[in-house]
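User: I'd like to learn how to read a few features of a protein model. Could you walk me through them?

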Amino acid sequence: MKYQNIVSGRFLSRPNRFIAHIEINGKEEICHVKNTGRCKELLTPGAQVWCETSNNPTRKTLYDLIAVQKGGRLINMDSQAPNAAVKEWLSGGGLGKIENLKPESRHGDSRFDFSFTKDGIPCFLEVKGVTLETDGICAFPDAPTLRGTKHLQELTELVQQGYGAYILFVIQMGNVQYLHPNDATDPVFGQALRTASQAGVQVLAMDCAVTPDTMVLDQPVSVHLA
């Protein structure tokens, strides 16, 4: 996936989940943050960031915060980017030959990020973006997520009903070692992930090749559930 009209800036502050103050071309600007997570380890005062300039004249903010430099890593922190990148990856054969790919697919009372048919079996896939990293080791979630646990329970039920089910962790950076559930932050999610895996849900992780204006899925990453 590719962004348009990217500019570099310097992070100043984040007064709430939705906006950040960024210095761009020597001027303090109010930018929309496309990630409502905490991201405290990313958005530190003085950090170099990249923003997309909006061409919508009616918007209250001119910029969207897209990526941040953390040490030697460029990290995409746009929460909408993983689904867009996964759609490209699936369409390009990332899971092999699939048919009937549909985003935002409903099944019963549940809605999943993608559905498709693989080897004649209807399948559902849920995407989780990952930005939490320490020394190349990634963890999810960065805050308790009841919604994430519910998705895992629904995927587990799908397997029991004979469907294919996947959860794909999109690590929004490159060159990492592995991913593990963040049991210290949300042990309920961690247990639900292990239960889902044991039931037959396919637990996958991919890192990404990230530039200031692009993000594409790159290499598989091992998931440590022990």
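Analyst: We'll go through the cysteines, a sheet, a pocket and one loop residue, bearing in mind that this is a predicted model.

User: Let's start with cysteines. How many disulfides does the structure hold?

Analyst: The general idea is to look at how far apart two cysteine sulfurs are: a disulfide needs them within 2.5 Å. Here the count is zero. Take C31: its nearest cysteine sulfur belongs to C51 and sits 4.1 Å away, so with a cut-off of 2.5 Å C31 is in no disulfide. Seen from the other side, C51 has the sulfur of C31 as its nearest, again at 4.1 Å.

User: Is C31 buried or exposed?

Analyst: For this you read the relative accessible area, and anything under 20% is called buried. C31 comes out at 0%, so it is buried. C51 is buried too, with 0% relative accessibility.

User: Now the sheet. In what order do the four strands of the open sheet come?

Analyst: With a sheet, you follow the strands from neighbour to neighbour. This one reads β10-β11-β13-β16, with mixed pairing. At the edges are β10 (132-134) and β16 (222-223); each has a single partner strand, so one side of each lacks a neighbour in the sheet. Zoom in on β13 (residues 178-181): it runs parallel to β16, and two bridges join them. Within that pair, Y178 faces S222 of β16.

User: What about the largest pocket: which residues lie nearest its centre?

Analyst: With a pocket, ask about its volume, then about its lining. The volume is about 850 Å³. Its lining has 30 residues, and T36, S79, G129, F140 and R147 lie nearest the centre. Two or more residues each come from α1 (81-91), β8 (110-118), β9 (121-130), β11 and α2. The top contributor is β9, with five residues.

User: How many lining residues of the largest pocket are nonpolar, polar and charged?

Analyst: The lining splits into 10 nonpolar, 11 polar and nine charged residues.

User: Last one: where does D142 lie?

Analyst: For a single residue, place it in the chain, then check its exposure and its company. D142 is in the loop that links β11 (137-140) and α2 (146-160). Its relative accessible area is 26%, which means D142 is partly exposed. Beyond neighbours within four places in sequence, D142 is in contact with G37, R38, C39, L132, N182 and T185. One of these, N182, is 40 residues away along the chain, yet the C-alpha atoms of D142 and N182 are separated by 7.3 Å.

Note on methods: Residues numbered from 1 in each chain as written. Predicted model: local features only at pLDDT ≥ 70, side-chain atom pairs only at ≥ 80, totals over all residues. Heavy atoms only, no water. Buried < 20%, exposed > 50% of the residue type's maximum accessible area, 1.4 Å probe, protein only. Contact = heavy atoms within 4.5 Å. Pairing = 2+ DSSP bridges. 1 Å grid on protein atoms, 1.4 Å probe; cavity = no way out; pocket = protein on both sides within 12 Å on 5 of 7 lines; lining within 4 Å. Points joined across faces, edges and corners; volume = space filled by probe spheres on them. Nonpolar A, V, L, I, M, F, W, Y, C, P; charged D, E, K, R; others polar.
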